[in-house]
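Colleague: Hello! Could you walk me through this model with a few questions and answers?

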Amino acid sequence: MANEADIVFYHAPQSRSIIAQWMLEELGQPYHLHLLNLKKEEHKQPAYLAVNPMGKVPAIAHKGVIITEAAAICCHLADAYPQAGLNVSVGDPRRGPYLKWLFFGPSCLEPAIIDRMFKRPDVVPGALGYGTFDTTLDVVITAITEGPYLLGEQFTAADVVIGSGLVWGMAVKVVPERPEILAYAARLRERPALQRVYTKDAEFAAAQAA
Ligand SMILES: N[C@@H](CCC(=O)N[C@@H](CS)C(=O)NCC(=O)O)C(=O)O
């Protein structure tokens with residue numbers, strides 16, 4: 001069991017850091033929350049730039065070591081607290097596919113959604129890491145159709161990363177509400193950890209708006 005000082009979580013509500021927040025809630029370890037107000041540009045002040053020179057959330061400090069990038073945070077925490085059952089260990093033949101999905105989130109799914117969201121003109125698919133939006137979505141849909149999760153029965157940090165992308169992509173009306181995606185998202189929303197995230201995030205956002 002960690003103590004609260006072991007994990008410091010730098011979070012801004014209604015942002016990508018909800019991915020790390022979900023991971024932390026699934027982990028069930030105590031953590032110290034450091035809220036940042038993006039509207040007040042707190043993430044661009046020297047104190048936070050010392051944590052993440054990118055000036056972006058999320059970030060965590062785990063036992064004094066700073067980790068940024070949402071998928072890396074999820075992967076690291078899953079490995080650091082294997083008792084939560086959210087990782088696939090080195091040596092398990094599913095480790096490779098597990099890492100594939102953790103990387104697929106930020107390198108394929110998210111860029112595909114962002115490019116479409118901002119109506120970026122199509123460029124040569126061979127030059128894009130994700131190829132085409134449709135191929136990217138089809139590959140994810142194939143992986144979640146049998147379910148219940150990406151790696152079958154085990155819910156892992158990869159579901160936090162890919163699931164977050166799909167849920168957000170539907171919210172911004174970019175990811176189509178295909179039955180397979182809706183069914184996967186419904187399974188994810190049944191998870192108490194994700195329900196806690198939605199409740200807490202709404203409270204944080206309301207407090208910052210006040
Ligand atoms: N590649 C980073 C992206 C982080 C990111 O872009 N965070 C956004 C939150 S949605 C942010 O901090 N935006 C504030 C800004 O850049 O001013 C990750 O996956 O963690």
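Colleague: How many bridges join strand β3 to strand β4?

Modeller: Happy to start there, and please keep in mind that this is a predicted model. Strand β3 covers residues 59-62 and β4 covers residues 65-68, and the two run antiparallel. One of the pairs sets alanine 61 against isoleucine 66 in β4. The number of bridges joining the two strands is four.

Colleague: Which residue in the turn of that hairpin has a positive phi?

Modeller: The hairpin of β3 and β4 has two residues between the strands. The residue you are after is not a glycine, yet its phi is about 50 degrees. It is lysine 63.

Colleague: Is lysine 63 buried or exposed?

Modeller: Lysine 63 sits in the loop between β3 and β4. Its relative accessible area is 58%, and the cut-off to pass is over 50%. Lysine 63 is therefore exposed.

Colleague: Which proline follows valine 57 through a cis peptide bond?

Modeller: Look in the loop between α2 (46-49) and β3. The bond there has omega near 10 degrees. The residue is proline 58.

Colleague: Why is helix α6 described as largely enclosed by the rest of the structure?

Modeller: Helix α6 spans residues 157-171 and reaches 21 Å from its first C-alpha to its last. Buried here means under 20% relative accessible area. The helix counts as largely enclosed because of how many of its 15 residues are buried: 13.

Colleague: What phi does lysine 173 take just after α6?

Modeller: Lysine 173 lies in the loop between α6 and α7 (179-189). At 70% relative accessibility, lysine 173 is exposed. Its phi is positive, at about 65 degrees.

Definitions and conventions: Residues numbered from 1 in each chain as written. Predicted model: local features only at pLDDT ≥ 70, side-chain atom pairs only at ≥ 80, totals over all residues. Heavy atoms only, no water. Expected span 1.5 Å × (residues − 1). Buried < 20%, exposed > 50% of the residue type's maximum accessible area, 1.4 Å probe, protein only. Pairing = 2+ DSSP bridges.
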